[in-house]
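Got the model open in your viewer? Let's walk through it, one selection at a time.

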Amino acid sequence: MKFICILGDSAVGKMTVGQALEKLRGYSLFHNHMTIELVLDVFKTFHVPAIEALRQAIFDTFIETDLPGLIFTLQLAFNLQTDLDYLDNLISYFESHHIETYIVELDSTLDIRLERNKTDNRLKHKASKRDTELSELRLLNDFDRYRCISKPGEIKHKNFLRINNSDLSAEDAARLIIKTFNL
């Protein structure tokens, strides 16, 4: 089994690249908003403990299957120690179960991310993004408040790949991941 964590800033294309990778390799995609949207529907707010509990329940159950791999997407603030600890603990969790782990970080320009914030695919799968004016405001606020892209050498995982996907299709980015990690 393999665990691939796709990191990146809001609207960089994590879910879309994950969908392409899922299609090419048959791994299961568990994008971050699958739990976020459920928690927002139930609690009417971004309730972090509920989101994390749901994620962990999925992870715990998934590792008991014979499925070939899990793709998980995550926006991470590199300027928050709690986020860095979450990523370390996540990778350690899967590795402690003898699962091969990979970290892919996507990066693209703010202009492209603002365009991608309004795509049909994004809006179809992420109900909380359908108010595109509010979603864009959150994206810009997060851009000012958080550093959601790593510095060179900051991610020390042996299976790490950073991709600037500004000019890459999701399929090309997925193929690059497959080729780089020999998946």
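Start with I99: is I99 buried or exposed? At 7% relative accessibility, I99 is buried (under 20% relative accessible area, with over 50% being exposed and partly exposed in between; 1.4 Å probe, protein chains only). A quick note: this is a predicted model, where local features need pLDDT of at least 70, side-chain atom pairs count only at pLDDT 80 or more, and totals for chains, interfaces and linings use all residues. Residues are numbered from 1 along each chain as its sequence is written, and side-chain values use heavy atoms, leaving out hydrogens and water.

I99 sits in the loop between α4 (81-96) and β4 (100-107); helices (H or I, at least four residues) and strands (E, at least two) are DSSP runs, numbered from the N terminus. Now add M1: the two C-alpha atoms are 5.6 Å apart, although 98 residues separate I99 and M1 along the chain. Leaving aside neighbours within four places in sequence, I99 is in contact (heavy atoms within 4.5 Å) with M1, K2, F3, I63 and F94.

Next, select α2 (33-43) and α3 (48-62). These helices pack at about 135°, axes 9 Å apart (lines fitted to C-alpha atoms, for helices over the stretch in contact, with angles from 0 to 180 degrees between N-to-C directions). Show T35, I36, L38, V39 and F43 of α2 with A50, I51, L54 and R55 of α3, and you have the residues making the contact.

Finish on L183. Not counting residues up to four places away in sequence, L183 touches K2, I4, R25, Y27, Y102, I177 and I178.
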